[in-house]
Amino acid sequence: MNRPLPNRLGHTACPHDCPSTCALEVELIDGGIGRVRGAADLDYTAGVICAKVARYAERIHNPNRLLYPLRRKGEKGNSDWRDTNAWERIGWDDALDAVARAFLEAEERFGSQTVWPYFYAGTMGLVQRDGIHRLRHAKRYSRQFDTICTNPAHAGYAAGTGKLAGPDPREMAKSDLVVIWGTNAVATQVNVMTHAIRARKERGARIAVVDVYRNETMKQADIALCLRPGTDAALACAVMHILFRDGHADRDYLARYTDFPDELEAHLASRTPEWAAAITGLGIEEIEAFARAVGTTKRTFFRLGYGFTRSRSGAVSMHAASSIAAVTGAWQYEGGGAFHTNGAIFNLDKRMIEAHELCDPATRRLDQSRIGAVLCGEPEVLFDGPPVTAMLIQNTNPMSVAPDQEKVRAGFARDDLFVCVHEQVMTETAAMADIVLPATMFMEHDDIYRGGGHQHILFGPKLVEPPGECRTNHQVFAGLAERLGADHPGFGMSEREHIDWMLRQSGRGTLAELEAAKWIDCQPDFRTSHYLDGFGHADGRFHFKPDWTSVDAPNNGPMGPWPTLPSFPDHFTAIEEVDAAHPFRLATSPARSFLNSSFNETPSSRAKEGGRPEVMIHPLDAAERGIADGSEVRLGNERGRVRLHARYFDGVCRGVLISEGVWANATFVDGRGINTLTGADPIAPYGGAAFHDNRVWIEVAGPATG
Ligand SMILES: Nc1nc2c(c(=O)[nH]1)N[C@H]1C(S)=C(S)[C@@H](COP(=O)(O)OP(=O)(O)OC[C@H]3O[C@@H](n4cnc5c(=O)[nH]c(N)nc54)[C@H](O)[C@@H]3O)O[C@H]1N2
Ligand SMILES: Nc1nc2c(c(=O)[nH]1)N[C@H]1C(S)=C(S)[C@@H](COP(=O)(O)OP(=O)(O)OC[C@H]3O[C@@H](n4cnc5c(=O)[nH]c(N)nc54)[C@H](O)[C@@H]3O)O[C@H]1N2
Ligand code: SF4
Ligand SMILES: [Mo]
């Protein structure tokens, strides 16, 4: 088939919730889009993007895109928005009036904090994503404690370094050993592989991968470490034990740049490879070999991901892994150190977008991950305040992605809860709404993005017209503000005016300059990035013994009580260990062709992921239970049960189960999705959901159908 030739190329940035934040080139063809490619001239993207965004035409020109506002007529939960018995098409004015009326009535009855604007990072654009705070603060609505993704990782990393920043991620290409720890980079941030493989090709570097199953990233590894979920800190401790034992600790560096190295060494004396092998399931020789590689390679670059922190031991594990680089002093060398994210380097002034000056710190901050408990009215998570009776939801799909789904479902089913969902497609959350508003996709609006896994700010201009009556998040804020009597200059500004204002205030030039340049490289200089003039803590040192109480605590009462965190890196037994009734540990790792729940509606992504949700099980574990390859199984724990199909895979450890991807609940045999099994209890010390830390049982559910 001949593809039409593009009229021109558009330049933009990928808005998805992915550390890669790729610079994109888009073929623009007769008002629509064709192929999407990675920009070759941004050296982090280096011309490479993931397959799901390369075929974005399928998502943006999706026949199931929401096109006009809808009012629910029938029962909650009907996702066929063309069903006129379930949904009624209405105009934008009517829709916004209905939302405003519901919010004002709710406020009248219970006070402003009964309204909970709920959002997340479906778009990472700062104007479209974060403008919801302007409305929230102007109206004194309940705040959101953003826990679902980053808190354990960020708290754990900053506990050691004092700052969420590190070496230039492009330095991976100059490393001699790239340790990819707890991130399935091939699937979740493909550019890490670009730079790691470059190091291998150009310098003969080795790649080590630490994960809980032999995923696509581990298949590329020279050193593959497949450990039991939640036990990474034990591995890190044994590595540090060996480094001290074998004379690979850099004692000058330790004395100059870190706290309490002597106490650390004494503490590690009993954290032997034998001790760690018993906890992690790794072989002693595997641990020794990994430690030897780390100890004898000055330029070791630890690329620390999120996955290994989605565990009740997550923050402790992150801190332990980052500590290794401080023992060897790898931080001093180009191509060495421990990188997690560059969150702290950008310093963009978001006051106009978020209306900080209107924020009343006395308003409660409800835990995003515990939306189920919040909507079920549990007093503790409501801080004994009013129930949540009205919501605006943007850029997130909690009916699929939030943990403890039984509560989430019960909460959304409440008759006295008014929900407005602004979405691009009819998600399972939108299906529970009273009013659904159609949203633009990123190529249909202007926004600005900043990297997580790299160090650039990028501009993403509007490239094509939106279909139907889709509106931007920014337009929705303005439309509601007017009706709700919310006043702030930010509501009257365009997206471009916001971006220009923010750049100027932040000392990053102007929008016109950014638009001409396409991106700004914000990497601090080498000495700063490598902490050679001191780490981010007041004493300038890396902290092996962190003050876990000093992480920015939510100002609304305790999120705990926390179990006591170990003072030095250590195995943290808070994980959900197996017991007789629940003999397996389940991790719900990401799928390569989905992005959280996004793309799980596109036929090509579903097909690439095998067409249905599955759980991977070691063939020997399966055989012991009479589970045939492809057969239907039930998984369950204290939180609920799900039915899906088993797939044999000898790349998972015995006793471990992996279910990849957030599939729509409706694709499971009985309509209950994988997050039925995941818990919303907060991870110490700063919240978060332990998506990969679940004990479960598994049993045969029926005859093989696969
Ligand atoms: N294709 C795709 N890309 C994505 C996403 C997606 O869903 N699909 N999600 C996006 C989002 S929101 C985020 S935050 C990032 C997250 O990206 P990552 O940082 O990669 O984190 P996760 O995807 O949670 O998990 C990564 C890996 O950690 C492994 N893991 C689980 N438990 C443990 C453990 O205890 N120890 C170790 N060592 N490994 C463990 C999982 O098996 C998985 O292979 O990816 C983004 N990119
Ligand atoms: N089992 C399991 N569950 C998980 C995870 C896991 O590893 N395992 N990972 C967790 C993590 S790390 C995260 S971050 C969460 C993320 O979960 P979600 O926040 O739900 O993730 P996304 O799929 O990125 O985005 C959600 C929605 O945003 C919409 N959207 C995108 N752009 C816009 C826009 O401009 N405007 C509007 N109005 N809507 C838009 C998309 O259509 C999509 O439906 O999931 C968590 N859930
Ligand atoms: S790798 Fe991530 S940032 Fe890059 S195109 Fe894919 S989803 Fe977007
Ligand atoms: Mo995430």
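Two residues are in contact here when heavy atoms of theirs lie within 4.5 Å. With that in hand, L235 is a good place to start: leaving aside neighbours within four places in sequence, L235 is in contact with W181, V210, L225, L227, T280, L282, I287 and F290. The structure is a predicted model, in which local features need pLDDT of at least 70, side-chain atom pairs count only at pLDDT 80 or more, and totals for chains, interfaces and linings use all residues. Residues are numbered from 1 along each chain as its sequence is written, chains are lettered from A and ligands numbered from 1 in the order in which they are written, and side-chain values use heavy atoms, with hydrogens and water left out.

## The whole chain

The chain has 24 helices and 25 strands. These elements are DSSP runs numbered from the N terminus, with helices being H or I over at least four residues and strands being E over at least two. The radius of gyration is 25 Å, close to the 27 Å that the globule rule gives for 706 residues, so the chain is as compact as a globular protein of that length. That radius is taken over C-alpha atoms, and the rule is 2.2 Å times the number of residues to the power 0.38. Along its principal axes, the C-alpha trace spans about 70 × 60 × 60 Å.

How much of the chain is buried? Of the 706 residues, 65% count as buried. Buried means under 20% relative accessible area, exposed means over 50%, and partly exposed is in between (1.4 Å probe, protein chains only). The chain exposes about 24,500 Å², and carbon and sulfur atoms supply 49% of that area. Such areas come from the Shrake-Rupley method with a 1.4 Å probe; for residues, only the protein chains shown count as cover.

Contacts reach far along the sequence: among those between residues at least 6 apart, 74% join residues at least 24 apart.

## Nonpolar cores

In soluble globular proteins, nonpolar side chains tend to be buried together. A nonpolar core is a set of buried Ala, Val, Leu, Ile, Met, Phe, Trp, Tyr and Cys residues joined through side-chain atoms within 4.5 Å. The largest one has 88 residues, and W181, L235 and F290 have the most contacts inside it. Helix α9 (residues 232–245) gives the most to this core, with 10 residues. Another core lies apart from it, with 30 residues, among them I371, I393, F412 and L417.

K76, in the loop between β4 (70–72) and β5 (87–89), is in contact with F412, A413, R414, L417, A431 and M432, leaving aside neighbours within four places in sequence.

## Loops and turns

I148 sits in the loop between β7 (143–145) and α6 (151–161). Is I148 buried or exposed? I148 is buried, with a relative accessible area of 12%. Beyond its neighbours within four places in sequence, I148 is in contact with Y120, R310, Q368, S369, V401, A402, P403 and F691.

Several local details of the backbone are worth finding. F383 has a positive phi near 55° although F383 is not glycine; F383 lies in the loop between α16 (371–375) and β14 (390–394) and is partly exposed, at 26% relative accessible area. N395 also has a positive phi, near 60°, in a residue other than glycine. N395 belongs to the loop between β14 and α17 (398–401) and counts as buried, at 14% relative accessibility. The peptide bond from A684 to P685 is cis, with omega near 5°, and P685 is in the loop between β24 (656–658) and β25 (694–704).

## Two helices to visit

In helix α20 (residues 495–505), the buried residues include E495, H498, I499, D500, M502 and L503. After α20 comes G507, whose phi is positive, near 70°.

E58 is found in helix α2 (residues 57–60) and is partly exposed, with a relative accessible area of 25%. Not counting residues up to four places away in sequence, E58 touches T602, P603 and S604.

## Distances across the fold

The table sets separation in sequence beside C-alpha to C-alpha distance.

| Pair | Apart in sequence | Apart in space |
|---|---|---|
| I148 and A690 | 542 residues | 8.9 Å |
| E105 and W519 | 414 residues | 45 Å |
| K76 and T217 | 141 residues | 41 Å |
| E58 and G230 | 172 residues | 37 Å |

E105, in the table's second row, is in helix α3 (residues 92–110) and is exposed, with a relative accessible area of 51%.
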